[in-house]
Amino acid sequence: MSDIPITAYKCKKCGKIHYPFHDRCLKCRAREFETLHPAGQAKLLTFTQIFNLPWGFDERFLIIGIGEFENGVKAMGQIQADDIAGLKLGMKLKPTWAPIRRVYDENVYGLKFVPGA
Amino acid sequence: MPIDMELEMVLRPPQIPMPPYPPKVITLANGKQMVVRQAEREDVPTILKSVHPCLFIERDYYDIVSARLYGELLAWYRYRVKSEYCLIGQIDGYLVGIVNGRLENAKVGMSYHTLAIDRGLRIGSHLFAAKMEYHIDYIGQDEILIVAESPIGFRRWMVEYPLEPTTIPHELGGGDSWLLTRETYLKAKSRLVVGDRPVPKPLLDEAMADIKFADDDTIREHIAGLKGR
Amino acid sequence: MRDVAILGVGMLPFGRRDEDTLMDMLAYASMKALDDAGLGNGSVDAVYVANMGGGMLQHQTSIASSLVDRLSLLPAAAETIENGPASGASAVKNGMLAIASGYYDTVLVAGGEKMREVTGWRATDFVATMTHPQAEYPYGITLPGMAGMFTRLYMEKHGVTREHLLAISLKNQEMGTRNPYAHVEMALDREGIYDSPHAVVNNPVAADPLHLYDLCPVSDGAAAVVLCTVEQAKQRAKPYVVIAGFGQATDTHTLAEREDPTDLKAVTLAAQKAFAMAKLKPSDVSVAELHDAFTILEIAESEHVGFFKKGEGGKAAAAGKTRLGGQIPINLSGGLKARGHPVGATGVAQVVDIVWQLRHELPENRQVKNATVGLTVNFGGFGNNVLAFVLKRVEA
């Protein structure tokens, strides 16, 4: 059982994995899916360090990337790091479910990848 | 008006001695060379000629920044403020930016204002950084109190260094001050403070010879340039 | 299906336009286009207005309905079109189809945006609303951030370097100094933004590996075109421009779900469809306006539309092949990079600039000699909704 409460969808007909939700499979347009959660470590597919953040963030920068989990789910998440010097395409990251922003003084939770854990 | 020097000694606040700021030259995004140097008290009337047209530009809070800067520079000129300094940026001898501040005590400084007369070249960023460099690297201070009137200033300083919020009141009654510590400055220095020293002689001579300034209309256009139809 | 011609064009200088409201800009640009079309006192059958942010930034909706009233174009049909940064091209497409179908004869298409009414943080957030609301937006992702992630992969896969991106910044800002309608009229110096150690302040990282000067500015502005039947265009007894072909395609919403995120499928498909309809090839194009919200996109689009093979676009730009006088001049308006990017206006402004090129109306320092075919690519979202137009000059 994965700790990451993101629901991904595997097409019952062709096996394609989707996240986020689609009413019809992107590959075969079938409509029945099994649900699954991202499981295992994530492989870093790409990343960036963003300055000039949108309204609602007080940080100086954010590091954001896309990870591919061992069970095939792909998702965007923030990366916990002081800078991007230590990040490399293809490296393994530990996924966590952690606060990613504050809205009206409350934490909003989301995917946060942690390198080297 | 005759000046009574005995009375002046009562009215003039004490001054903390400051080492001079060594001039530097910065290459800007358009390739122009900006000389950053310390202004002398005698330069104030000339500098004020460039500040004056900004008093009437609402855009980006130029009016309030220049109104406060005008008062601060005049106070320095007329010996009515403690330990103030002023650094200026010049391109081809023309004044393109002004920053000022003062020393509260030997270890704590106060940043006053930053006015960029030519825009789109990060002149404000470069000159603000030069001020911080002066306080920390040359005067040897540990902390500087900073305020911002404009969202641009907020983005460039409070967010970018970053600065720590405090409850220390603003000198002129505005929002509370923020703090730059020596530690934060040193961490941020490599990405925010640039410049070459010494300044090549011809450039420095040109900057020192004269503070050229553009006419009011040119200044207004550079700052508040309206796109026509 | 009837052929559709462009009877009139007009635009405002893009930039920071504090003195104008959104409606002011749309109206002024529309009047310029109507006057250019000889319809200054006339009427149109329908109006399409491209705008992305009116509801969010100006708290104003139903903008097209407001414009027809403001311009005294009643009782023309009117719709507001929102397709993110591709709103402009979508509006042109809808206007074109309206005439091609035979239902309307004359259509005004206007695009406008007023993004500088709000602070940078809010403008960034507004643009980020294009991203997926659950899977992307909450993370604080921005469009430059999407472009940064894309650039990292494109550099890895296709060998694009910072020097290649620099070639685009320098070229487009140089062209901006020649375009009185451009937001940014300042030429960049290579040393100031790249070679010098001072570049760390002048050209800081924006969304690694993209720097400040790899990004277009946030702009206000409006542009408009008047579309008509070919018969109407012929009546003016001078060369005119037709929309010879268009194409539109979509791709996955999230970057994560693209099989190969470096493959801009929607760009490839949109361009292929446009060329097929026009019965022309990439090598027939005299001049192009490609959506360079980020310098990497000009390189990537130049490859995906077929001007260069994958991996060759950056080298071609660095070798000067996309400058005025080069093999395929791209973004001689300054592109989004220097002309600016008021999101709803851009797709229309691209068409305006190509029309000027094909009419041979531009000064020598921007005009491609004997230009006959033009291509525009308007990139919506982060490449998940793309439109392309092929425009052709027809001699009188």
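**Exercise 1. Find which strand of chain A pairs in parallel with β6(A), and count the bridges.**

Solution. Start from the pairing itself: β6(A) and strand β8 (residues 106–115) of chain A run parallel, joined by two bridges. Keep in mind that this is a predicted model. Next, pick out a facing pair: A:Q78 sits opposite A:K112 of β8(A).

Now look at another partner of β6(A). Strand β5 (residues 62–69) of chain A runs antiparallel to β6(A), with five bridges between them. Within this pairing, A:I66 faces A:M76 of β6(A). For the link, β5(A) and β6(A) make a hairpin with four residues in between, and A:G72 in that turn has a positive phi of about 95 degrees. As a reminder, sheet strands pair through backbone hydrogen bonds, in parallel or antiparallel fashion.

**Exercise 2. Work out why strand β6 (residues 74–79) of chain A counts as largely enclosed.**

Solution. Take the burial cut-off first: a residue is buried if 20 or more other C-beta atoms lie within 10 Å of its own. Then go along the strand: six of the six residues of β6(A) are buried, so the rest of the structure largely encloses this strand. For the chain as a whole, 34% of the 117 residues in chain A are buried.

**Exercise 3. Describe the make-up of chain A, then that of chain B.**

Solution. Chain A first: there are zero helices and eight strands, so to speak a run of β-β-β-β-β-β-β-β from the N terminus on. Its C-alpha trace spans about 45 × 35 × 25 Å along the principal axes. Of the chain A contacts between residues at least 6 apart in sequence, 49% link residues at least 24 apart.

On to chain B, which has eight helices and eight strands. Its radius of gyration is 17 Å, close to the 17 Å from the globule rule for 229 residues, so chain B is as compact as a globular protein of that length. The C-alpha atoms fill a box of roughly 55 × 50 × 40 Å along the principal axes. Buried residues account for 41% of the 229 in chain B.

**Exercise 4. Identify which element of chain C gives the most to the side that touches chain A.**

Solution. Begin with the totals: 31 residues of chain C and 28 residues of chain A take part in the contact. On the chain C side, α5 (120–128), α6 (143–158) and β5 (205–207) each supply at least two residues. The top contributor is α6(C), with seven residues. Sorting that side of chain C by character gives 15 nonpolar, nine polar and seven charged residues. As for confidence, the complex gets an ipTM of 0.97 and a pTM of 0.95 from the predictor, and chain C has a mean pLDDT of 97.

**Exercise 5. Trace the nine-stranded sheet of chain C and say which strands stand at the edges.**

Solution. Write down the order: this open sheet with mixed pairing goes β3-β2-β4-β7-β1-β8-β11-β10-β9 (chain C). β3 (77–81) and β9 (287–290) of chain C are the edge strands, each with a single partner, so one side of each has no neighbour in the sheet. The average twist from one strand to the next is 25 degrees.

Then zoom in: β1 (residues 4–11) and β7 (residues 220–229) of chain C are antiparallel, with seven bridges, and C:V4 has C:T229 as its bridge partner in β7(C). Finally, helix α15 (residues 343–359) of chain C packs on the sheet, touching strands including β1, β7 and β9 of chain C, and its direction makes about 125 degrees with that of β4(C).

Key
Residues numbered from 1 in each chain as written. Chains lettered and ligands numbered in written order. Predicted model: local features only at pLDDT ≥ 70, side-chain atom pairs only at ≥ 80, totals over all residues. Buried ≥ 20, exposed ≤ 12 C-beta atoms within 10 Å, placed from the backbone. Pairing = 2+ DSSP bridges. pLDDT = per-residue confidence, 0-100. Rg over C-alpha atoms; globule rule 2.2 N^0.38 Å. Contact = placed C-beta atoms within 7 Å. Nonpolar A, V, L, I, M, F, W, Y, C, P; charged D, E, K, R; others polar. Axes fitted to C-alpha atoms, helices over the stretch in contact; angles between N-to-C directions.
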